[in-house]
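Subject: Structure for you to look at

Hello,

Here is the structure I promised to pass on. My notes follow below it.

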Amino acid sequence: MAWQVIAALSYPHRLIGYKGRLPWHLPLELQLFRHRTWGGILVIGRRTWESLQRSLPGRELWILSRTLTLELPMVRVFSTPEALLAALAEVRKPVFFAGGAEIYRWALCLPQVDTLWLTWVYAPDLTQGDTFFPPFEDQWQAVAWEFFEDRCVPFLQVLYRRREASTNE
Ligand SMILES: NC(=O)c1ccc[n+]([C@@H]2O[C@H](COP(=O)([O-])OP(=O)(O)OC[C@H]3O[C@@H](n4cnc5c(N)ncnc54)[C@H](OP(=O)(O)O)[C@@H]3O)[C@@H](O)[C@H]2O)c1
């Protein structure tokens with residue numbers, strides 16, 4: 001089953017977080033995230049878990065962390081990327097790498113990840129932040145997009161696929 005990366009980032013600054021939280025409150029965007037990821041596994045880093053502090057309905061949370069110990073239904077903790085990838089290889093559910101920046105940097109390099117869902121939040125004045133989505137444009141190309149607006153904030157959901165390797169030999 002295909003593995004996917006899913007993120008919301010500001011346009012044009014590519015911000016994804018500030019002080020451990022999302023830099024905006026867009027209920028419609030959260031609703032779309034919930035709908036898209038329903039029934040799947042969300043892979044997240046420990047800091048993103050700290051910002052949630054709870055399981056999410058309809059989805060499993062798999063957390064990467066060297067420090068965390070937790071026992072909660074629908075939540076698993078893995079201390080190495082290798083252990084997490086081995087467990088993912090055994091499942092038949094949709095897999096979403098859902099942040100934060102450390103997880104995105106790792107996941108974008110995984111060959112099993114073939115789909116990238118980005119929500120570009122139009123926020124030219126939003127400059128305060130401490131976590132950014134990594135560069136990705138040279139490896140991915142936009143293939144479909146849809147426009148939304150919530151509380152006068154426009155945002156664009158874009159589906160990207162990996163670019164074909166160049167065959168100019
Ligand atoms: N806009 C969005 O779509 C979106 C989505 C998700 C999160 N966010 C935001 O992103 C920010 C958090 O991102 P972040 O980059 O600071 O942190 P993060 O990626 O959520 O978590 C980083 C942590 O993951 C663990 N980890 C990473 N690589 C590991 C490895 N190779 N082996 C074992 N554990 C590993 C470590 O936990 P330990 O220190 O416990 O070892 C590390 O400190 C927050 O502001 C959050 O709100 C935004």
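Which residues of helix 3 (residues 81–88) are buried? Bear in mind that this is a predicted model, so what follows is computed from its atoms. The buried residues of that helix are Leu84, Ala87 and Leu88. Looking down the axis of helix 3, these buried residues fall within an arc of 100°, so they line one face of the helix. Their cover comes from several elements, including strand 1 (3–11), strand 3 (41–45), strand 4 (60–64), strand 5 (75–78) and strand 6 (95–97). Helix 4 (101–107) is also part of that cover.

As for the chain as a whole, it has four helices and 10 strands. Along the sequence they follow the pattern β-β-α-β-α-β-β-α-β-α-β-β-β-β.

On overall dimensions, the C-alpha trace spans about 50 × 40 × 25 Å along its principal axes. The radius of gyration is 16 Å, which agrees with the value near 15 Å for a compact globule of 169 residues.

On packing, 43% of the 169 residues count as buried. If you take contacts between residues at least 6 apart in sequence, 61% of them join residues at least 24 apart.

On the surface, the chain exposes about 9900 Å², and carbon and sulfur atoms supply 53% of that area. The charged side chains come to 18 positive and 17 negative, with the centres of the two sets 5 Å apart.

Regards

Note on methods. Residues are numbered from 1 along each chain as its sequence is written. This is a predicted model: local features need pLDDT of at least 70, side-chain atom pairs count only at pLDDT 80 or more; totals for chains, interfaces and linings use all residues. Side-chain values use heavy atoms; hydrogens and water are left out. Buried means under 20% relative accessible area, exposed over 50%, partly exposed in between (1.4 Å probe, protein chains only). Helices (H or I, at least four residues) and strands (E, at least two) are DSSP runs, numbered from the N terminus. The arc is that of the directions from the helix axis to the C-beta atoms. Contact means heavy atoms within 4.5 Å. The radius of gyration is taken over C-alpha atoms; the globule rule is 2.2 Å times the number of residues to the power 0.38. Accessible areas come from the Shrake-Rupley method with a 1.4 Å probe; for residues, only the protein chains shown count as cover. Lys and Arg count as positive and Asp and Glu as negative; His and the chain ends are not counted. The place of a charge is taken as NZ of Lys, CZ of Arg, CG of Asp or CD of Glu.
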